[in-house]
Amino acid sequence: ALATAMLWFVPNFQSPIVLFGWIVFSFVLWDTCWTITNVPYYALCGELTDDYDERANLTTWRMIFAVPAFIAGAAFTPLIADAFQNKKMGYLAVGIIFGCIAALSLIICASNIKEDKSQKKIKKRQNLQKIIKDVLQNRPFIQLIIAYGLCNLGIALLKTMMAYALIYQYNMREKVPVVMTLLLVTVSLFLVPWKIVSKCLG
């Protein structure tokens with residue numbers, strides 16, 4: 001929650017270098033917190049079930065419910081910020097509210113998941129060098145990571161260039177939220193068909 005609030009807060013530093021350092025620090029801190037919390041969260045599917053189809057179902061529904069949250073975040077952000085006369089304080093309030101919601105969601109999720117003691121596996125300690133070596137030798141995993149990275153890179157470029165084109169090429173700044181919402185809705189509509197395709201392909 002604190003990292004999210006810092007990400008949305010812009011201090012009144014006179015020096016551009018110091019301000020840039022604040023931006024880098026707040027983003028690195030937030031990204032580190034995101035990694036620490038989301039890696040175990042995304043790994044839950046593998047712990048909840050060993051069945052491929054069930055994991056596909058869980059992931060599909062997780063992503064479907066994430067889309068309305070993205071849309072709500074995009075819709076409520078300007079409403080909350082505009083409620084304050086000082087825009088900086090308005091966006092700081094946005095960061096605090098969203099950060100508290102994210103923290104509360106993680107606490108609820110973590111507190112309601114219990115480890116199955118009967119299926120507890122004996123884990124051997126491995127050094128970091130061996131772990132890295134095993135990962136690099138796992139060719140299917142490397143191929144999946146490359147495909148996943150390229151997919152996310154494409155989506156990030158699409159969203160960025162779409163916003164740039166709407167604002168600077170077509171002078172449609174006010175339409176950016178609408179177009180981004182349509183993009184998210186399109187993504188959610190194709191989740192179920194792709195889930196069916198993945199089940200058919202095995």
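**Note on an all-helix predicted model**

1. Glycine 154 sits in helix α7. The model is predicted, and this note starts from that glycine. Glycine 154 is partly exposed, because its relative accessible area is 35%, and the class between buried and exposed runs from 20% to 50%. From glycine 154 to valine 192 the sequence distance is 38 residues. In space, the C-alpha atoms of glycine 154 and valine 192 are 21 Å apart.

2. Overall make-up. The protein has nine helices and zero strands. Read from the N terminus, the order of elements is therefore α-α-α-α-α-α-α-α-α. Along the principal axes, the C-alpha atoms occupy a box of roughly 55 × 40 × 35 Å.

3. Burial and surface. The protein has 202 residues, and 17% of them count as buried. Its accessible surface is about 15,900 Å². Carbon and sulfur atoms account for 70% of that surface.

4. Contacts and charges. Take the contacts between residues at least 6 apart in sequence: 48% of these join residues at least 24 apart. The protein carries 19 positive and 11 negative charges. The mean positions of the two sets lie 5 Å apart.

5. Helix α8, geometry. Helix α8 covers residues 176-189, 14 residues in total. From first C-alpha to last it reaches 20 Å. That is close to the 20 Å expected at 1.5 Å a residue.

6. Helix α8, buried side. Val176, Met180, Leu183 and Ser188 are buried in α8. Viewed down the helix axis, the buried residues of α8 fall within an arc of 135°, so they line one face. Which helices does this buried set pack against? The partners are α4 (52-82), α7 (139-169) and α9 (191-201). Helix α7 is also where glycine 154 is placed.

7. Helix α8, other side. The face turned away from the buried side of α8 carries Leu182 and Leu189. Both of these leucines are exposed. A reader checking the model can set them against Leu183, which is buried in the same helix.

8. The loop before α8. Asparagine 171 lies in the loop between α7 and α8. Its phi is near 50°, a positive value in a residue other than glycine. Is asparagine 171 buried or exposed? It counts as exposed, because its relative accessibility is 62% and the cut-off for exposed is over 50%.

9. Helix α5. Helix α5 spans residues 87-111, which makes 25 residues. At 1.5 Å a residue these should span 36 Å, and the end C-alpha atoms are indeed 36 Å apart, so the two values agree. The buried residues of α5 are Gly90, Leu92, Ala93, Val94, Gly95 and Gly99. They pack against α1 (2-8) and α4. Helix α4 is thus a packing partner named for the buried residues of α5 and for those of α8.

10. Threonine 4, on the α1 side. Threonine 4 is placed in helix α1. It is buried, because its relative accessible area is 13%, and buried means under 20%. Leaving aside residues up to four places away in sequence, threonine 4 touches Trp30, Gly95 and Gly99. Gly95 and Gly99 are among the buried residues of α5. These contacts go with the packing of the buried residues of α5 against α1.

Notes:
Residues numbered from 1 in each chain as written. Predicted model: local features only at pLDDT ≥ 70, side-chain atom pairs only at ≥ 80, totals over all residues. Heavy atoms only, no water. Helix = DSSP H or I, 4+ residues; strand = E, 2+ residues; numbered from the N terminus. Expected span 1.5 Å × (residues − 1). Buried < 20%, exposed > 50% of the residue type's maximum accessible area, 1.4 Å probe, protein only. Arc of directions from axis to C-beta. Contact = heavy atoms within 4.5 Å. Areas by Shrake-Rupley, 256 points an atom, 1.4 Å probe, with all protein chains shown as cover. Lys, Arg positive; Asp, Glu negative; His and termini not counted. Charge placed at Lys NZ, Arg CZ, Asp CG, Glu CD.
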